[in-house]
Every structure is written in C-alpha cells, then in structure tokens.
Amino acid sequence: DYAVAWNRNLPAPAFRQDIELRTYTADGAPRAPLRVIVQDLVQAPLQDLAALADGFVAAWNVDGSPRLQRFAADGSAAGTEFAFAGTAGRSGTAAIAAAADGTVLWAVTVADGVDAPDVAAQLFDAAGSPVGVPFTVHGLLAGTQDRPRVAVDGDGNFVVGWRYDAPGFGLAELRARRVEGF
C-alpha cells in the first residue's frame, strides 16, 4: 500500500491551504476515502512524506514553524503533532526519512533572522517520541546551510544532505553527513 499527499489551495472566501491525502492498495485501487490531514491553515505547504510499516509520517510548515505528525495507514492522526523545537525564528524546507524499525529523522532549515540559516535535525523513536534534543547537522561551517534531504539505508543508518553556500564565494556546494550514535 502507499499514500499520496498534496497541497490544495482553497479560493475565497476561505483563502487557506489544506494538505489532503489518499491511500491506495498496491494495485492502485483507492484504499480509503480522500482525507484532509491538515486543515484551516493560512499557509501550510507539505514538505515531505515517508512510509512507515503501519502508516506514514508527514512534515509541513505552518507560517515558518515546521510540524511533524505520524498517521495510521488510513490517514488518521497517530500520536502527537510536533513543532520543531529550537526554531527561534522562521524556518524553511524540511525533509524526513523513516527506517524499517519506525525510527524517523527530521531535518529542517532554521533561521533566527540574525545569523545565516542552518540545518538542524531531530530523531524520533519507533513510538514517535523525540530522542534527545535537536542538533545542528553541519558542524561549524560559516555561511548558509539549507534545503536538507534525508535518506536511510536498510540497516537504519541516516544520511542528511544539504546545500552549503560559503560566504564570499558565490558558489553553492552539496554537503552530506552520516548521522550516527542512535
């Protein structure tokens, strides 16, 4: 089975953006009715979606505040919706990946409005609870770090990739880091 999610912009008088979802069987037949998983938000762009053995996890952004929620296979919310801790200011893109055991890594571009944006990440256990505190992914690089992507291998090892723009050079690089120790 699989899930497909998308943003739906509603015209006046609503002027809001919902995130809608439909689940399908492996042969492409709809598994459940269309479901609105996030509703009544002025700005809530879907950022990423990752499959779990018993459902999926979605990440979106509400007016600069990144959110994460687990969902059951039928699209109903499972557990608590999380706002990314430690985002003192606005945030941008987010990415998630889920390991076979249900562990999830969530990476987010964070900015405080003073320093250049950074990429931070938070690990969640199979039950959906945060493990530790959010951490900066890139180490001690100066310059803009943004547009994270997350991948996981068959052994549950996560890798975070991001765009790095060093100050004064005008050329962006792609960087990556294996996230270990969990």
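In this predicted model, Glu-81 pairs up with Arg-67 in a salt bridge whose closest N and O atoms sit 3.0 Å apart. The two partners come from distant parts of the chain, with Glu-81 in strand 7 (residues 77–83) and Arg-67 in strand 6 (residues 65–72), 14 residues apart. Neither side chain is fully tucked away: Glu-81 is partly exposed at a relative accessible area of 40%, and Arg-67 is also partly exposed, at 22%. The value for Arg-67 falls in the middle class because buried would need a figure under 20%.

The salt-bridge count comes to three. Another of these bridges joins Arg-163 to Asp-146, with 2.8 Å between the closest N and O atoms. Arg-163 belongs to strand 13 (residues 158–165) and Asp-146 to strand 12 (residues 144–152), so this pair ties together parts of the chain that are 17 residues apart in sequence. Seen as a polar contact, the side chains of Asp-146 and Arg-163 are joined at 2.8 Å. Asp-146 is buried, with a relative accessible area of 12%; that label applies because the figure is under 20%. Leaving aside residues up to four places away in sequence, Asp-146 touches Thr-109, Val-119, Trp-162 and Arg-163.

The remaining bridge runs between Glu-173 and Arg-175, again with the closest N and O atoms 2.8 Å apart. Here Glu-173 is partly exposed at 36%, and Arg-175 counts as partly exposed at 30% relative accessibility. As a general point, side chains of opposite charge can pair when their charged atoms come close.

Strand 13, home of Arg-163, is worth a look in its own right. Six of its eight residues are buried, which leaves strand 13 mostly covered. On one side, strand 13 runs antiparallel to strand 12, and seven bridges join the two. One of the pairings in this stretch puts Val-159 of strand 13 with Ala-151. Strands 12 and 13 make a hairpin with five residues between the strands, where Gly-156 takes a positive phi near 85°.

Strand 13 also pairs with strand 14 (residues 172–179), again antiparallel, through eight bridges. Val-159 turns up here too, standing opposite Arg-178 in strand 14. The hairpin of strand 13 and strand 14 has six residues between them, and Gly-168 in the turn has a positive phi of about 85°.

Turning to the rings, the count of aromatic pairs comes to three. Phe-56 and Phe-71 have ring centres 5.1 Å apart and planes at 15°, so this pair is stacked. It links distant parts of the chain, Phe-56 in strand 5 (residues 55–62) and Phe-71 in strand 6, 15 residues apart. Both Phe-56 and Phe-71 are buried.

Phe-82 and Phe-124 make a tilted aromatic pair, 4.9 Å centre to centre with 55° between the planes. Phe-82 sits in strand 7 and Phe-124 in strand 10 (residues 118–124), so the pair ties together parts 42 residues apart in sequence. Phe-124 is buried, with a relative accessible area of 2%. Trp-106 also joins in, as ring pairs link Phe-82, Trp-106 and Phe-124 into a cluster.

Note on methods: Residues numbered from 1 in each chain as written. Predicted model: local features only at pLDDT ≥ 70, side-chain atom pairs only at ≥ 80, totals over all residues. Heavy atoms only, no water. Salt bridge = Lys/Arg side-chain N within 4 Å of Asp/Glu carboxyl O. Helix = DSSP H or I, 4+ residues; strand = E, 2+ residues; numbered from the N terminus. Buried < 20%, exposed > 50% of the residue type's maximum accessible area, 1.4 Å probe, protein only. Polar contact = N/O pair within 3.5 Å; in protein donor to acceptor, adjacent residues only side chain to side chain. Contact = heavy atoms within 4.5 Å. Pairing = 2+ DSSP bridges. Phe/Tyr/Trp six-rings, centres within 6.5 Å; stacked < 30°, edge-to-face > 60°.
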